[in-house]
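Biologist: Can you pull up the model? I'd like to go through a helix and then an interface.

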Amino acid sequence: MKVTDKDVTYVADLANLELSEDERSRMVRDLNSILGHVDSLSALDTADVPPMAQVSDRYGLDDSKQGSARFAYASREDIHEGLRKSLPHDVALANAPDSDGKFFKVPKVIEK
Amino acid sequence: MNLNNLTIDAARSAVAERKTSATALAEAYFAKIESDDPQIGAYLALSKERALGKASEIDSMVKKGEELPPLAGVPLGIKDVMVTKGVRTTAGSKILGNYVPPYDCTAVSKLEAAGAVVLGKLNCDEFAMGSSNENSAWKPVHNPRDLSRVPGGSSGGSAAAVAADMAVATLGSDTGGSIRQPASFCGVVGLKPTYGRVSRYGLIAFASSLDHIGPLTKTVKDAAIVLRTIAGRDPMDSTSADLPVPDYVAELDRPVKGLKIGVATEYLGEGLDAEVRSAIEAAIQKLAGLGCDIVEVSLPHTSYAIPAYYLVATAEASSNLARFDGVRYGHRAEKVRSLSDMYRRSRDQGFGAEVKRRIMLGTYALSAGYYDAYYLKAQRVRTLLARDFENAFKNVDAIVAPTCPTAAFKLGEKVDDPLAMYLADIYTVTANLAGIPGISIPVGHTKEKLPIGMQIFGKHFAESTILRVAHAYETAA
């Protein structure tokens, strides 16, 4: 067993999840089963292989350029006027579980 | 109007030639959905007002004799992970149970701008996480070809709606096979384009470096028509590629004679069902008969794809799903003690078991002490998998493989074994990790009359090639 009940409690805390006791014991079982399969990766020697974070690393749209210069089309000139309008206040708040019409409302932030 | 096997061109022509009206066509689909969908479960919401508004716009264009756009009056369905302004969008999750988006997904806007009529939102696994549609928080989807079986996932509703003639075509999303696998299980065409070909703006994010939008259709030509409509650079998605969109439809009829088609031995090994294998072998023979050169290729790291995929995908998911906190939208738990208590209990009540499992796995893989061993390792293996394809494509124009190791399985069969469910994606996740395009087309049936699908992979942005091969296969006698 790689993952223990204590690990699950710790990771659930990082992930902002509050698992029930039943969920926790099932999670221990499932994570161990999946990680058992995942461990096959350790058979591969990848010391000299660079990590791939995104696909466009592989096709580089303009091969004559390097690094971020290849994706220059994805940025725009710095402008002060003519920016795309944001959502109006009331629309942005329309799905809020709680608001005062100007702001999203949440329970007390500072805990004892 | 007979809706059976109705294609995009046939639907548009019927409207243009006044054999029916766009309004009557949309109403015929709504009637069909109301009569047939209770036993299938493909739709989560119908957007009648929006559909009939668009249809009447098309009808008045017809009346005035105006030139009609390419999808004029064509009724389509949209997977519920794509946001639609004013139409409830849940991503199959309780946490978004009452979410009404204030904007439209780019792919949906483009379809409507081309005249399409959006019928409604299609059922899917929660946040597109699943291979059977059984992870929908709302209801399972039954495979129209055999109601005791799953339609595949996560775009199960999108595939079932096309198979059951409850939409001419649909949009799905594919992070690890979620368009191609259900297309295979339901006997329809499903296309995952190159990463960056179609804007992801308005697609509720699962794993951003692996997520794709694409069509599920009855014919390869329809897939080409939808792709031509939704592809292209979108300033709202910085990963959308700034490359011209070819006329995929015009290129369908170019000859396939002399094209080199690779067959990857690693995709025909252990674990492949015998009936699926023989259907794939017959399909390869048919391509040879059309004049394609069949070449054996090797993708040596294929067996590492599932572990690499489930680490990368869950790590990205754990980050993307952090936004669901009960503050700006979605479910909020009541009677909470504090802000952090609210986050936890809202997420606990709102997310289903599989979503929690993936958030936990992803968070674990990213946590201090495990990052190098799991997440970084998986990213390095991802490079090896991408190189496998790059090497193979030095010698071939396309690669064929089964879409899934088996035909559709029974509802409930794998629901208690997440690892067995993940292994159903064994032949599809590679294209997501490498970002190459892949299409699944029907290539026969098992003895139990269940559809079998074959994938065709291409080089980055070579959708024209794989559509052409698929079209040649489909239209050959």
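**Helix 8 and the chain contact**

Modeller: This is a predicted model. In helix 8 of chain B, the buried residues are Val276(B), Ala279(B), Ile280(B), Ala283(B) and Leu287(B).

Biologist: Why do they line one face of the helix?

Modeller: Look down the axis of helix 8 of chain B: its buried residues fall within an arc of 100°, so they line one face.

Biologist: And which exposed residues sit on the face turned away from the buried side?

Modeller: Ala274(B), Gln285(B), Ala288(B) and Gly289(B).

Biologist: What do the buried ones pack against?

Modeller: Several elements of chain B. Among them are strand 7 (260-264), strand 8 (293-297) and helix 15 (463-475). Strand 9 (398-402), strand 10 (438-445) and strand 11 (451-458) are packing partners too.

Biologist: How does the span of helix 8 of chain B agree with what it should be?

Modeller: Helix 8 of chain B has 16 residues, 274-289. At 1.5 Å a residue, they should span 22 Å. The end C-alpha atoms are 23 Å apart, which agrees.

Biologist: What follows helix 8 of chain B?

Modeller: Gly291(B), with a positive phi near 100°.

Biologist: Switching topic. How many residues does each chain put into the contact?

Modeller: Chain B gives 53 residues and chain A gives 43.

Biologist: Which helix of chain B gives the most to the side that touches chain A?

Modeller: Helix 12 of chain B, with 10 residues. Helices of chain B that each supply at least two residues there include helix 9 (305-320) and helix 13 (418-423).

Biologist: What is that side like by class?

Modeller: The side of chain B that touches chain A has 28 nonpolar, 13 polar and 12 charged residues.

Key. Residues are numbered from 1 along each chain as its sequence is written. Chains are lettered from A and ligands numbered from 1 in the order in which they are written. This is a predicted model: local features need pLDDT of at least 70, side-chain atom pairs count only at pLDDT 80 or more; totals for chains, interfaces and linings use all residues. Helices (H or I, at least four residues) and strands (E, at least two) are DSSP runs, numbered from the N terminus. The expected span of a helix is 1.5 Å times one less than its number of residues. A residue is buried if 20 or more other C-beta atoms lie within 10 Å of its own, exposed if 12 or fewer, and partly exposed in between; C-beta atoms are placed from the backbone. The arc is that of the directions from the helix axis to the C-beta atoms. Two residues are in contact if their C-beta atoms, placed from the backbone, lie within 7 Å. Ala, Val, Leu, Ile, Met, Phe, Trp, Tyr, Cys and Pro count as nonpolar, Asp, Glu, Lys and Arg as charged, and the others, Gly among them, as polar.
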